[in-house]
Amino acid sequence: MLISTKGRYALTIMEELAQFEKGCYMPLPMIAEKQGISEKYLESIISMLVKGELVETLRGKKGGYRLKRQPDAYSIGEILRVAEGSLAPVSCLEGEMTCPHADGCSSLPVWQELEKIINEYLDSVTLKNLIEQGGSVRRDR
């Protein structure tokens, strides 16, 4: 499993929105400028966050984006799954793909357990934890 720039930037956007003035909409150009990331690239990521119902938008002069919930109500796993899709460590665990060798695969249980550990950990860390702890993130659960 490799988290792409899309997933990392999704977390960055969510962090920025969480730290912006409570209840206010943050314009995308402001996020792009603060983070030094292309606004065009951020548009594609923010649209996924809106479709995933993590973020809401308001058009117009005072428009922008804001979180739909409090930062402690978002897990890092939830955000990454919206941006990345699956967090499976191997392709045979993604979606409904079935491997013709699954019945005799001795490594399959290892990959399944690794996927479980990855998801449990990422789901135990909230957006609030990420903001408060910086690089040293403690689990909630």
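This report describes the helix α1, the nonpolar core, the salt bridges and a surface patch of one structure. The model is predicted.

**Helix α1 and its surroundings**

Helix α1 covers residues 5–19. Its 15 residues, at 1.5 Å a residue, should span 21 Å, and the C-alpha atoms at its ends are indeed 21 Å apart, so expectation and model agree. Several residues of this helix are buried, namely G7, A10, L11, T12, I13, M14, E16 and L17. The cover over these buried residues includes the helices α2 (28–35), α3 (39–51), α4 (76–84) and α6 (127–133). The strands β1 (55–58) and β2 (64–67) also belong to that cover.

**The nonpolar core**

In soluble globular proteins, nonpolar side chains tend to be buried together. The largest nonpolar core of this model has 29 residues. Those touching the most other members are I13, M14, L17, I46, L49, V55 and I79. Two or more residues of the core come from each of α1, α2, α3, β2, α4, α5 and α6. Helix α1 supplies the largest share, with five residues.

L49 illustrates how such a residue is surrounded. When residues up to four places away in sequence are not counted, L49 touches A10, I13, M14, L54, V55 and V82. Of these, A10, I13 and M14 are among the buried residues of α1.

**Salt bridges**

The structure holds five salt bridges. Three of them are set out below.

| Pair | Closest N to O distance | Elements |
|---|---|---|
| E16 and K34 | 3.1 Å | α1 and α2 |
| R66 and E56 | 2.5 Å | β2 and β1 |
| R81 and D123 | 2.5 Å | α4 and α5 |

The side chains of E16 and K34 meet in a salt bridge. Because E16 lies in helix α1 and K34 in helix α2, this pair ties together parts 18 residues apart in sequence. E16 is buried, as its relative accessible area is 10%, whereas K34 counts as exposed at 54%.

R66 forms a salt bridge with E56. Since R66 belongs to strand β2 and E56 to strand β1, the pair joins parts that are 10 residues apart in sequence. Both partners are partly exposed: R66 has a relative accessibility of 25%, and E56 has a relative accessible area of 23%.

The side chains of R81 and D123 also meet in a salt bridge. This pair links distant parts of the chain, 42 residues apart, with R81 in helix α4 and D123 in helix α5. R81 is partly exposed, with a relative accessible area of 30%.

**Helix α5: a buried and an exposed residue**

Helix α5 spans residues 108–124. N119 is found in this helix. With a relative accessible area of 17%, N119 falls under the 20% limit and is therefore buried. Apart from neighbours within four places in sequence, N119 is in contact with R81 and L87. R81 is thus a contact of N119 and a salt-bridge partner of D123.

V110 lies in helix α5 as well. V110 has a relative accessible area of 51%, which is over the 50% limit, so it counts as exposed. Together with W111 and L114, V110 forms a nonpolar patch on the surface. The accessible area of these three residues together is about 240 Å². An α-helix has 3.6 residues a turn, so residues three or four places apart point the same way.

Key
Residues numbered from 1 in each chain as written. Predicted model: local features only at pLDDT ≥ 70, side-chain atom pairs only at ≥ 80, totals over all residues. Heavy atoms only, no water. Patch = residues over 30% accessible without salt bridge, like charges linked within 9 Å, V, L, I, M, F, W, Y side chains within 5 Å. Areas by Shrake-Rupley, 256 points an atom, 1.4 Å probe, with all protein chains shown as cover. Salt bridge = Lys/Arg side-chain N within 4 Å of Asp/Glu carboxyl O. Helix = DSSP H or I, 4+ residues; strand = E, 2+ residues; numbered from the N terminus. Buried < 20%, exposed > 50% of the residue type's maximum accessible area, 1.4 Å probe, protein only. Expected span 1.5 Å × (residues − 1). Contact = heavy atoms within 4.5 Å. Core = buried A, V, L, I, M, F, W, Y, C linked by side-chain atoms within 4.5 Å.
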